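Colleague: I'm new to this one. Could you walk me through how to read it?
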Amino acid sequence: MNRPIRTVSLFCLALFLALMINATYLQFWRAGALDDDPRNQRVQQASYSSERGAILVGRTPVAESVPSDDRYEFQRRYPAPLMYAPLTGYFTFGNATGLESAQNSVLSGEDPRFFVRNLVDLVSNEQQSGGSVELTIDAKAQRAAYEGLSALGDGVEGSVVALEPSTGKVLAMVSLPTFDPNDLASHDFGAVDDTYADLLDDPGDPLLNRAVQTRIAPGSTFKLVTAAAALESGKYDSADSLVPGGATFQLPQTSGDSGVVDNEGRACGTDEITFRQAMEQSCNTTFAQLAIEVGAEKMLEQAEKFGFNADYLEDFPGQARSVYPSQVNPPQLGQTGFGQFEVQATPLQMAMVAASIANDGVVMRPYVVSEVQSPDYDAETADPEELSEAVDPQAADVLTELMVSTVDDGTASPAAIPNVAVAGKTGTAQRGVPGEPPYAWFVSFAPATDSRVAVAVMIEEAPGQEIAGGRLGGPIAKAVMEAIIS
Amino acid sequence: MTTSSTLMGFVHRRRRGAELFLLVLALAVGVGGYAAVGVGVEGKVPADIIGYGGWLAALIVAAHIVIRLVAPYADPVLLPLVATLNGLGLAVIHRIDLGYAARGRETSFAQQQLVWMTLGVVLFVAALVVLRDHRVLARFTYTIGFGAIILLMLPLLPFFEPINGARIWIQLGGLSFQPGEVAKVMLVVAFAGYLVLHRDALALAGRRLLFVDLPRGRDLGPILAMWLVSLGILVFQRDLGSSLLFFGLFLVMLYVATERPGWIVVGGTLFLGGALAAWKTLGHVQDRVDIWLHPFEYYRNAQPPFSDQIVEAQFGFGWGGLIGRGFGEGDPTRVTYAESDFIMAAIGEELGLTAVIAVLLCYGLIVERALRVALISRDSFGKLMATGLASIFAVQVFVVIGGVTRLIPLTGLTTPFLSYGGSSLVANWVIIALLLRISDQARRPVPDLSADEEESDDESTQVIKL
């Protein structure tokens, strides 16, 4: 009987080999795919119950994990929820936004950079803990921006972005209306669902980070781009160069009132005026004509050098592309010259325009994470990165001069700071819907030489206020700049 | 066999010291695992570690001493393997108790399992002490076979409730018992006794068809009867696993007894035919196969069939990866019945592929040792019994672990020695006792009869009055 017993042995060996091969396939080769299944509650629960790293502004956490008594072991807490919600986003079971999402691999500790440490944790049976993320945000500037924008009253919808021109660091990023991420991080999932539904239903869209996700017509602030294109064309070289002016300008290929560009009563001469005056008085007639002079191709090229039609924000999710249209006819081209027609920009984009003028024409890649810290406090600092050269340094100087004049003697005067040369430009953009109030814009930087901060303020809605870029946006920009400079 | 081993003058060593050393390692796994569960889940070594460890050690040492006394030549590896698996199983069941407690469900599976293990060891000892020669069992072939059938049919009596759709339990005063677990051991004995007697008839008569020797029609009786019993279990008790197990067992033993692959062909055809018919006609079999093929499509279904158990197990295995999450770091209680049928998923999740392979190796070694016993056994009955016990073990491990890891459709069977479940644990301890008894007989040196023979030549023949 031994021969069949040996056969049976071989058969049993085959059975066990099949089991081992299958187990190896399941736990080694297929494990990754199983972990990636969105329905895999284990992965979600583990990420939810682990000690996540903090999101820091300076040394102060704006998001941190504190021990909790329930089965999830840790509770995510946001000490300054409303002010920082657009940045931090929220972290709830199975979902995260903002930096909680973009920096998840660091915060959860799964980043490959922590590999060695995680191995040590594994061997010593310690629970894996997350690394921290330090932001480029300046707490004072952020507070100034948040308080300034909030002061416009209930129901205000808008955003403030401040950049450090020489590096691209985001110094402030505020978006209103905002929300309390603590409500969404609660372990009472029923309440979280209700809160989330309410936030989605809110007409003010509080979950939207307007600083990077909302793009609207930039209006007169876009004249900086048109001016840059005009200077780069070589036809004009100083603030005193004569540019086309006039009280009205009939767009090419049009007839009648709808094709007439005017200046809403501001003094823009009759035929030719200085570049300085055109900028100070924000002359639509001038910039419409400049855009047509430069041509659609050069305008597009100039806008794209500043970052339009591109993705550049790499360490923060959801950046909307600012748009300069690639197909325009001559009357539309004229309208784009003062930031209308299909030109659309995010507040971040307009802050980048101001910042690159302040930085001798060099556009720096904006970033919000300045440092990644491992759980052992090994730090890795982010390096500034040059994105492009928007204009040459001479043109940047001329643009700066134009903007300083605009603050000193023109429409941007609300942003003036005593004893500091401030460069600024207002914008009041039409929505294109009759009867609706316009959008208010304000961009500025200070000091004019070796500038340390560039700001863009955008106000979509401010119930009960008369919308005007300079009057509404100027003081906010001023407060933010003062917070950095002083 | 007898002649060859004496001719070569080879005598097996007892190796009881080696067994004791291996038992210490097995205890380290069991007690260490229990401590690791406490540290991992609750952050401290369990308070009752001394009592628990002492009890476990006492059981194992008792088994060892009994082997020294009544089966000194028994295989030295089997008991340590079993002790390892049982100890690991207890630790993991304790872990799952704690997991259920965290979810607000009070269970004490580990304590009950320890009680069952004690009963298992008691029966193990009793079997070794009472049964000094396994061939005695051959006398009771038909009694045992009849008893097995009775046990199998017991749960079908109307006053026993089906659990989870399967009629395989009987309830006696609060305790649930699966008579099928005991019946499988009895069936092995009965098959072995029957086949030893009838193997010649089954082996030699028959006709040749397409290179395969097919048995005679009249010899097909038993195999058809067994096939019907298996189908009956499948249809009436809705127990796919046991059905497969019993029929597979019978086929393997038939093949070993007759040395004719023809039986495998006939039996395999019957099995495939039966399985196909069951799949065509029985809804629950179809569901099992569908869930096996596309588990993720049925995950979190609003109405049956559900695949949550198998999918959660899959996620658990994947989550465990190569070295596992560690005790307390996984979530094994997401899988329903993690303490019994799906205990391998809990091991895979918290101890990883490493432990899964280690457990499979333990099982493989048990089967290997059992088949080795079959090879060296000196009598056909012992050979058949050892082969049967080895096969039942191998097939059961394959069916349940294969089902849990989605190699084959899922069928309800316990994982020997690991799963929570009294009947299975007790029955498996008895299986090991039987194997040790056969191996003791096989490895024991042949009594030196030569001197006696010479003496007897000198003596005059005694006449005994009848």
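Modeller: Sure. Start with pLDDT, which is the predictor's confidence in each residue, from 0 to 100. You need it here because this is a predicted model.

Colleague: What is the mean pLDDT of chain B?

Modeller: The mean for chain B is 86, with 90% of its residues at 70 or more.

Colleague: And where in chain B is confidence lowest, and where is it highest?

Modeller: Helix α1 (residues 2-8) of chain B is at the bottom, with a mean of 48, while helix α14 (residues 352-376) of chain B is at the top with 95. Over residues 1-7 of chain B, pLDDT stays below 50, and that stretch makes six contacts in the model beyond near neighbours in sequence.

Colleague: How does chain A score?

Modeller: Chain A averages 87, and 98% of its residues score at least 70. Its lowest confidence is in helix α7 (residues 115-123) of chain A, at a mean of 71, and its highest is in helix α1 (residues 2-29) of chain A, at 94. For the model there are also two scores, ipTM 0.91 and pTM 0.69.

Colleague: Now the interface. How many residues of each chain are in contact?

Modeller: Interface size is often given as the accessible area lost when the parts come together. Here we can count residues: 40 of chain B are in contact with 30 of chain A.

Colleague: Which helices of chain B supply at least two residues each to that side?

Modeller: Those are α9 (240-258), α12 (308-320), α14 and α15 (380-404) of chain B. The largest share, 10 residues, comes from α14(B). By type, the side of chain B that touches chain A has 22 nonpolar, 14 polar and four charged residues.

Terms used:
Residues numbered from 1 in each chain as written. Chains lettered and ligands numbered in written order. Predicted model: local features only at pLDDT ≥ 70, side-chain atom pairs only at ≥ 80, totals over all residues. Helix = DSSP H or I, 4+ residues; strand = E, 2+ residues; numbered from the N terminus. Contact = placed C-beta atoms within 7 Å. Nonpolar A, V, L, I, M, F, W, Y, C, P; charged D, E, K, R; others polar.
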